[in-house]
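Reader: Please show me the sequence and the structure together, and then take me through them slowly. I should like each term explained when it comes up.

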Amino acid sequence: MKGLSNHRVLGDAERIGTAEIEPTSDKAFEMRDLGPFPGIFPVDFEEGQAIQGEVYDVDYGTLRRLDRLEGVNVCSPQAGLYYRTSVVVSNPSDPRIDGTIAWTYVLTDRSARGTRRTKSGSWPETVSNRRRKEFNVLP
């Protein structure tokens with residue numbers, strides 16, 4: 001996401017806007033806290049969270065750099081840190097994004113072991129809540 005440490009890998013990719021991955025009967029995810037970074041993990045529809053993120057227009061070279069950053073193993077997807085899959089994203093206020101099919105990175109079973117579900121599907125909100133707890137700041 002913009003402003004976070006790995007954003008530089010996107011280079012000059014155009015940011016289209018923000019979007020959510022809404023739980024559907026076909027695919028649902030929850031956000032997991034891996035300490036310094038998040039991951040999303042497949043769950044049943046009833047347990048799914050609206051995952052917040054950003055949509056970028058990336059070329060093939062940038063996509064390959066992102067795959068390397070995310071530890072994708074193309075030959076054996078469950079052997080990597082994440083695997084890449086397509087999802088439908090939503091943003092009703094932006095017709096350029098709403099209903100678009102986009103790539104996202106999903107934690108492998110091995111990578112998700114020992115991680116915790118976040119309270120929300122927003123990583124910036126999770127980090128903010130963590131900082132408030134560390135400094136005993138009330139919301």
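Author: Two strands are said to pair if DSSP finds at least two bridges between them, and helices (H or I, at least four residues) and strands (E, at least two) are themselves DSSP runs, numbered from the N terminus. This is a predicted model, in which local features need pLDDT of at least 70 and side-chain atom pairs count only at pLDDT 80 or more, while totals for chains, interfaces and linings use all residues. Residues are numbered from 1 along each chain as its sequence is written, and side-chain values use heavy atoms, with hydrogens and water left out.

Reader: How many helices and strands does the chain have, and in what order do the elements run?

Author: The secondary structure of the chain amounts to 3 helices and 7 strands. Reading from the N terminus, the order of the elements is β-β-β-β-α-β-β-α-β-α.

Reader: Which residue in the turn between E2 and E3 has a positive phi?

Author: Strand E2 and strand E3 (residues 38-42) pair in the antiparallel sense, and they do so over 5 bridges. One of the residues in this pairing is Glu-30, whose bridge partner in E3 is Phe-41. The two strands make a hairpin with 4 residues between them, and the turn residue that has a positive phi, of about 95°, is Gly-35.

Reader: Is Pro-36 buried or exposed, and how far in space is its C-alpha from that of Val-127?

Author: Pro-36 belongs to the loop between E2 and E3. Buried means under 20% relative accessible area, exposed means over 50%, and partly exposed lies in between (1.4 Å probe, protein chains only). With a relative accessibility of 67%, Pro-36 therefore counts as exposed. Although Pro-36 and Val-127 are 91 residues apart in sequence, their C-alpha atoms are separated in space by 9.1 Å.

Reader: What share of the residues of the chain counts as buried?

Author: The chain has 139 residues, and each can be judged by the cut-offs just given. The share that counts as buried is 38%.

Reader: How many salt bridges does the structure hold?

Author: A salt bridge is a side-chain nitrogen of Lys or Arg within 4 Å of a carboxyl oxygen of Asp or Glu. Some of these links join up, since Glu-30, Arg-32 and Arg-117 are connected in a network of salt bridges. For the structure as a whole, the number of salt bridges is 7.

Reader: Which residue forms a salt bridge with Arg-117?

Author: In this pair the closest N and O atoms are 2.7 Å apart, and the partner of Arg-117 is Glu-30. Because Arg-117 lies in strand E7 (residues 116-117) and Glu-30 in strand E2 (residues 29-33), the pair ties together parts that are 87 residues apart in sequence. Arg-117 is partly exposed, with a relative accessible area of 41%, whereas the figure for its buried partner is 7%, and that partner is Glu-30.

Reader: How many residues apart are Arg-116 and Asp-33?

Author: Arg-116 is exposed, at 59% relative accessibility, while Asp-33 is buried, at 13%. Their side chains form a salt bridge, with 4.0 Å between the closest N and O atoms. The pair links distant parts of the chain, for Arg-116 is in strand E7 and Asp-33 is in strand E2, and their separation is 83 residues.

Reader: What is the relative accessible area of Asp-67?

Author: Asp-67 forms a salt bridge with Arg-84, the closest N and O atoms being 2.8 Å apart. Arg-84 lies in strand E5 and Asp-67 in helix H1, so the pair ties together parts that are 17 residues apart in sequence. Arg-84 counts as partly exposed, at 24%, but Asp-67 is buried, with a relative accessible area of 2%.

Reader: Which side chain of opposite charge is nearest to Glu-70?

Author: Glu-70 sits in the loop between helix H1 (60-69) and strand E5 (82-88), and its C-alpha is 9.4 Å in space from that of Leu-107, which is 37 residues away in sequence. For charge, Lys and Arg count as positive and Asp and Glu as negative, with His and the chain ends not counted. Glu-70 is buried yet has no salt bridge, and the nearest side chain of opposite charge, 9.9 Å away, is Arg-84.
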